[in-house]
Amino acid sequence: MKIKQKNLFHLLMVFREVIRQGSFTAAAEKLDLTKSAISQYVTRLEQHLGVQLLTRSTRALSLTSVGHKLLERSEELKTLLDITIDEINNIKQQPTGSLSITVPQALAQPLVLPAIKLLNKQFPQVEPRLIVDDGNLDIIKRGIDIAIRVGVLQDSELKAGKIGEHREILVASSSYLSSLEKKVTLNNIEEHPFIATSWQTTNLIHHFQDNNNTQFDICLKPKFEVNSANVALDLVSLGLGIALLPDIFVKKHIYEGKIQHVLEHLKGKTDNIYYVHAYKENVPLKVKWLIEFLKKTMNNKS
């Protein structure tokens, strides 16, 4: 079934609203349509794309893997449309003033700083205020515009959206690896000094998988413990051991030859990266643009 381009956007927004509301009935009420109309729109979209987007049951709806991807793109399209409308409505109004951002240390340099650079180039009147902190700061009490969070989000009334994801990888310095009598292997990795961040000490068992999706559990007992990814990387650079750090954080250092990826065939756990803010409906244009620049930076890193 072929759908005219002008109608495709409407179907995508209906699909997006079904997921946001959690059911055809709730989406129908929100969009002032009948439940059967909503169901027909989603079916038409699936037929046009030739894939199944939703798994329907009497109790709940669940997204297929393709459905997850389409939802992400639908959210991006809606955001870009909102930004475009805001720009038209505020054609003489450029974003200005303070914009406070909090971010974990590991994501400041590779993700947030490039996004701030893009924001500053397009909107020089915006004044970024960056708070680098690995704790989940209370952005409402602290008056923070937007926070970057990693992993499972706590239930709250805050607005959140996915920026991208990163995966943990094992790294060590060239000097450390060259000093070893034996190459690092799965059989001896547990014998090497492990440089652990404070969030890696509650559970010593770390899960990995290889290119064939075979699972491996490795016990990494900390030799060093630090509360900063930057300090962990410094210790690695000094040749004091092996660390498990986000790929986005160490990618530049690996490219420059400062450190090396250890056991490259193994992949550690993957965590989602989110933006979080407290705005309900009237999200400031500067916040919307920062989110777009964060996504752009993340896509360039992948």
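## Salt bridges on helix α4

D82 counts as partly exposed, at 24% relative accessibility (buried is under 20% relative accessible area, exposed is over 50%, and partly exposed sits in between, with a 1.4 Å probe and protein chains only). Its partner K78 is also partly exposed, at 24%. The two side chains meet in a salt bridge at 3.0 Å, N to O, where a salt bridge means a side-chain nitrogen of Lys or Arg within 4 Å of a carboxyl oxygen of Asp or Glu. K78 and D82 are 4 residues apart in helix α4, so about one helical turn separates them. Elsewhere, salt bridges with shared partners tie R16, E17, R20 and E75 into one network.

Some housekeeping: this is a predicted model, so local features need pLDDT of at least 70 and side-chain atom pairs count only at pLDDT 80 or more, while totals for chains, interfaces and linings use all residues. Residues are numbered from 1 along each chain as its sequence is written, and side-chain values use heavy atoms, with hydrogens and water left out.

## More bridges, and the α1 network

Helix α4 holds another bridge, between E76 and R73, at 3.1 Å from N to O. These two are 3 residues apart in α4, which puts about one helical turn between them. Both ends are partly exposed: E76 has a relative accessible area of 22%, and R73 has 40%.

Over in helix α1, E17 and R20 pair up at 3.9 Å, N to O. They are 3 residues apart, again about one turn of the helix. What about burial: is E17 buried or exposed? E17 is buried, at 8% relative accessible area, whereas R20 is partly exposed at 45%. The salt-bridge count comes to 13.

## The overall chain

The protein chain has 9 helices and 13 strands; these are DSSP runs numbered from the N terminus, with helices being H or I over at least four residues and strands E over at least two. Of its 302 residues, 41% count as buried. The C-alpha trace spans about 70 × 50 × 35 Å along its principal axes.

## The largest pocket

Which element gives the most to the lining of the largest pocket? That's α4, with 12 residues. The pocket has a volume of about 1600 Å³, and 50 residues line it, with E75, G161, K162, Y275 and K295 lying nearest its centre. Elements giving two or more residues to that lining are α1 (5–21), α4, β6 (159–173), α8 (247–255), β13 and α9.

For the method-minded: on a 1 Å grid over the protein atoms alone, a pocket is an open set of points where a 1.4 Å probe fits, with protein on both sides within 12 Å along at least five of seven lines, and lining residues have an atom within 4 Å of a point. Points are joined across faces, edges and corners, and the volume is the space filled by probe spheres set on them.

## A nonpolar surface patch

F9, L77, L81 and I85 make up a nonpolar patch on the surface, with about 290 Å² of accessible area together. Patch members have over 30% relative accessible area and no salt bridge, and nonpolar side chains (Val, Leu, Ile, Met, Phe, Trp, Tyr) are joined within 5 Å; areas come from the Shrake-Rupley method with a 1.4 Å probe. Helix α4 (residues 65–89) is the top contributor here, with 3 residues. L81 is found in α4 and is partly exposed at 34%.

## Aromatic pairs

The whole structure yields 2 aromatic pairs (rings of Phe, Tyr and Trp, using the six-membered ring of Trp, with centres within 6.5 Å; planes under 30 degrees apart are stacked, over 60 edge-to-face, and the rest tilted). F123 and W289 form a tilted one, 5.7 Å centre to centre with 55° between the planes. F123 sits in the loop between α5 (105–122) and β4 (126–132), and W289 in helix α9 (residues 285–301), so the pair ties together parts 166 residues apart in sequence. Both are buried, F123 at 5% and W289 at 13%. Ring pairs link F123, W289 and F293 into a cluster.

## Two positive phi values

Most residues other than glycine have a negative phi. N213 has phi near 65°; it lies in the loop between β8 (205–209) and β9 (215–219) and is exposed at 52%. L263 has phi near 50°, in the loop between β12 (259–262) and β13 (270–277), but L263 is buried at 12%.

Key
Patch = residues over 30% accessible without salt bridge, like charges linked within 9 Å, V, L, I, M, F, W, Y side chains within 5 Å.
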